[in-house]
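Student: I am new to this structure and would like to learn how its descriptive terms are earned. Could we take them one at a time?

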Amino acid sequence: MSEPISEQRLLAAPMKGCGVERTLQILDGKWTTLVLRELLTGPKRFTQLRAGLGSPSPKTLTDRLRVLEQQGILTRTVHPEVPPRVVYELTGRGESLRVVLLAMLDWGERDAAAGTRRGPVHPEGDRSTG
């Protein structure tokens with residue numbers, strides 16, 4: 001079992017390859033985190049995921065799902081039916097990210113309740129989104 005999170009532990013983590021960096025490598029991009037959020041409620045088909053996410057492009061969603069499958073975060077099961085039924089489901093590794101997403105939910109709700117300005121703040125001249 002890991003030790004409790006503390007500021008000292010966070011500051012002592014190596015700059016390269018620390019747990020925060022490793023987590024961000026998995027949760028890379030807006031759709032990845034939201035795909036995980038959708039799958040935390042159980043297995044979903046592609047169209048269910050897309051509808052729950054606000055309809056990202058099929059290519060974007062397919063790319064995200066493939067990466068998450070390669071990382072061992074979810075499984076893709078093709079059922080031999082006509083038409084084929086494809087179901088996505090979190091693995092144990094993917095399910096272990098539940099605590100991370102719940103912490104993000106908690107922080108976001110507290111921040112919204114505090115009336116904090118919504119959205120990213122970009123340094124002057126930097127309007128990049130990603």
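Tutor: Let us start with a helix pair in this predicted model: the axes of helix H4 (residues 46-53) and helix H5 (residues 58-70) come within 11 Å of each other and cross at roughly 110°. Helices here are DSSP runs of H or I with at least four residues, strands are runs of E with at least two, and both are numbered from the N terminus. Residues are numbered from 1 along each chain as its sequence is written, and side-chain values use heavy atoms, with hydrogens and water left out. Because the model is predicted, local features need pLDDT of at least 70 and side-chain atom pairs count only at pLDDT 80 or more, whereas totals for chains, interfaces and linings use all residues.

Student: Why are H4 and H5 called roughly perpendicular?

Tutor: The axes are lines fitted to C-alpha atoms, for helices over the stretch in contact, and the angle between N-to-C directions can run from 0 to 180 degrees. An angle under 35 degrees counts as roughly parallel, over 145 as roughly antiparallel, 65 to 115 as roughly perpendicular, and the rest as oblique. The crossing of H4 and H5 is at roughly 110°, and the pair is therefore roughly perpendicular. The crossing is also right-handed, a term for a near helix turned clockwise from the far one by less than a right angle, anticlockwise being left-handed.

Student: What makes the contact between H4 and H5, and which classes do its residues fall into?

Tutor: On the H4 side the contact is made by Phe46, Leu49, Arg50 and Leu53, and on the H5 side by Pro58, Leu61, Thr62 and Leu65, where contact means heavy atoms within 4.5 Å. These residues divide into six nonpolar, one polar and one charged; Ala, Val, Leu, Ile, Met, Phe, Trp, Tyr, Cys and Pro count as nonpolar, Asp, Glu, Lys and Arg as charged, and the others, Gly among them, as polar. In the loop between H4 and H5 lies Ser55, whose phi is near 65°, a positive value in a residue other than glycine.

Student: How do you know which word describes the angle between helix H3 and H4?

Tutor: H3 and H4 pack at about 115°, with their axes 10 Å apart, and that angle makes H3 roughly perpendicular to H4. Their crossing is right-handed. The contact joins Trp31, Leu34, Val35, Arg37, Glu38 and Leu39 of H3 to Leu49, Gly52 and Leu53 of H4, a set with six nonpolar, one polar and two charged residues.

Student: Which word applies to H3 and H5?

Tutor: The axes of H3 and H5 come within 10 Å and cross at roughly 70°, and these helices are therefore also roughly perpendicular to each other. Here Trp31, Thr32 and Val35 in H3 meet Thr60, Leu61, Arg64, Leu65 and Leu68 in H5; five of the residues in this contact are nonpolar, two polar and one charged.

Student: What makes strands E2 and E3 a pair?

Tutor: Two strands pair if DSSP finds at least two bridges between them, and strand E2 (residues 74-79) and strand E3 (residues 85-90) have six, in the antiparallel sense. Among the bridge partners in E3, Leu90 belongs to Leu74, Glu89 to Thr75 and Val87 to Thr77. E2 and E3 form a hairpin with five residues between them, and Pro83 is found in that loop, joined to Val82 by a cis peptide bond with omega about -5°.

Student: Why are strand E1 and E2 called edge strands?

Tutor: The open sheet has three strands in the order E1-E3-E2, with antiparallel pairing, and E1 (44-45) and E2 each pair on one side only. E1 and E3 are joined by two bridges, and Lys44 stands opposite Tyr88 in E3. Helix H3 (residues 30-39) lies across E1, E2 and E3, running at about 95° to E3.

Student: How confident is the predictor, and where is its confidence lowest among the helices and strands?

Tutor: On the pLDDT scale, the predictor's confidence in each residue from 0 to 100, the protein chain has a mean of 85, and 80% of its residues reach 70 or more. Confidence is lowest in helix H1 (residues 7-12), at a mean of 67, and highest in helix H6 (residues 92-95), at 97. Over residues 125-130 the pLDDT is below 50, and this stretch has two contacts in the model beyond near neighbours in sequence.
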